[in-house]
Structure formats: structure tokens, C-alpha cells
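User: I am a first-year student, and I would like a close look at one part of this model. Please take me through the sheet and the loops that go with it.

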Amino acid sequence: MAAPQIDQFTQALFGKVESVLILCAILILVVGIPLMWLRLKLERALTDVIRSARARRQTQKSAANTNLSETVPHCPVCNALMEKRLARRGVSAGSSFWGCTNYPKCRGTRAI
């Protein structure tokens, strides 16, 4: 007596589950695929924005480096480029000066 009722219940349950599965498959096709496409488009656009910003930043850096190389003096001793340094000791402690990039081999300095 219980077996026919269980069979009837499982058939009814599988009938409802089957319709839900079909509905989910249709929703994936109708909604999911366009959403994936939109996500890929947005990721590609974001990647393009990041790359263009990086390229702009690099061109600004290279422009700044060319301007900087024109104003950076050369060492009076070895003719290498100099860099700004900060005096830590002595009478001029805390003030900036130009120091040779070949330090400690070369101890050439210039006042700013």
C-alpha cells in the first residue's frame, strides 16, 4: 500500500524538479550569457583604461627625466651625473647639496 503512494510522490516530485531545471537552463541562456559577455566587455575596457594611464605616466616620467637630466650638473672631478643629497653632519647639516653618483670612489660635490 505504501509503495504505490511513494512511487506517485516521486513521479510528482520529479515532474516539478524537471520543470524547474528547464526554467533554470532557459534563464542561463537568456540572462547568463549576456551577463558574461557584458562582464568581458567591462573587463576589457578597464584593462584599456589601466594601460593608457600607465602609458601616460611613463611618458610623463620620461619627459621629467629629460628635463631633469638637463638641469642636473656633472661632477667637477669625474664628470658623472650628480644627485641631490642631504647633509647629515657639520655646519651645513639639514641643507641640500649635489653629490657625485660614484660616491665613495669620487667625493665631488657642488652647492645648490
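Analyst: What follows starts with the whole chain and then moves in on the sheet.

This is a predicted model. The protein chain holds one helix and three strands. Along the sequence they come in the pattern α-β-β-β. Helix 1 covers residues 2-71.

Look at the overall shape next. The C-alpha trace spans about 105 × 30 × 25 Å along its principal axes. The radius of gyration of the protein chain is 36 Å, while a compact globule of 112 residues would have a value near 13 Å. Of those 112 residues, 10% count as buried. The protein chain exposes about 9,800 Å², and carbon and sulfur atoms supply 63% of that area. Now take the contacts in the protein chain with a separation of 6 or more. Residues 24 or more positions apart account for 24% of them.

Now the sheet itself. The three strands form an open sheet in the order 1-2-3, with antiparallel pairing. Its edge strands are strand 1, residues 82-86, and strand 3, residues 109-111. Each of these edge strands pairs on one side only. From one strand to the next, the twist averages 35°. As a general point, strands of a sheet pair through backbone hydrogen bonds, either parallel or antiparallel.

Take strand 2 and strand 3 together. Strand 2 is made of residues 96-100, and three bridges join it to strand 3. These two strands run antiparallel. One pair of partners can be named: F97 has A111 of strand 3 as its bridge partner.

Stay in strand 2 and find G99. G99 counts as buried because its relative accessibility is 3%, and buried means under 20%. What does G99 touch, leaving aside its neighbours within four places in sequence? Its contacts are M82, E83, R85 and G108. Compare that with a residue in the other direction along the chain. I6 is 93 residues away from G99 in sequence, and their C-alpha atoms are separated by 92 Å.

Next come the loops. N79 is found in the loop between helix 1 and strand 1. Its phi is near 65°, a positive value in a residue other than glycine. N79 counts as exposed because its relative accessible area is 56%, and the cut-off for exposed is over 50%.

The loop between strand 2 and strand 3 contains P104. A cis peptide bond joins Y103 and P104, with omega at about 10°.

Finally, look at two cysteines, C75 and C106. How many disulfides does the model have? The count comes to zero. C75 is in no disulfide, and the nearest cysteine sulfur, that of C106, is 3.5 Å away. C106 is in no disulfide either, with the sulfur of C75 as its nearest, again at 3.5 Å. The pair is not counted because a disulfide needs sulfur atoms within 2.5 Å. Are these two cysteines buried or exposed? C75 is buried, at 3% relative accessibility. C106 is buried as well, with a relative accessible area of 8%.

To sum up, the part you asked about is an open sheet of three strands with antiparallel pairing. Strand 2 carries the buried G99. The loop before strand 1 holds the exposed N79, and the loop between strand 2 and strand 3 holds P104.

Terms used:
Residues numbered from 1 in each chain as written. Predicted model: local features only at pLDDT ≥ 70, side-chain atom pairs only at ≥ 80, totals over all residues. Heavy atoms only, no water. Pairing = 2+ DSSP bridges. Helix = DSSP H or I, 4+ residues; strand = E, 2+ residues; numbered from the N terminus. Axes fitted to C-alpha atoms, helices over the stretch in contact; angles between N-to-C directions. Buried < 20%, exposed > 50% of the residue type's maximum accessible area, 1.4 Å probe, protein only. Rg over C-alpha atoms; globule rule 2.2 N^0.38 Å. Contact = heavy atoms within 4.5 Å. Areas by Shrake-Rupley, 256 points an atom, 1.4 Å probe, with all protein chains shown as cover.
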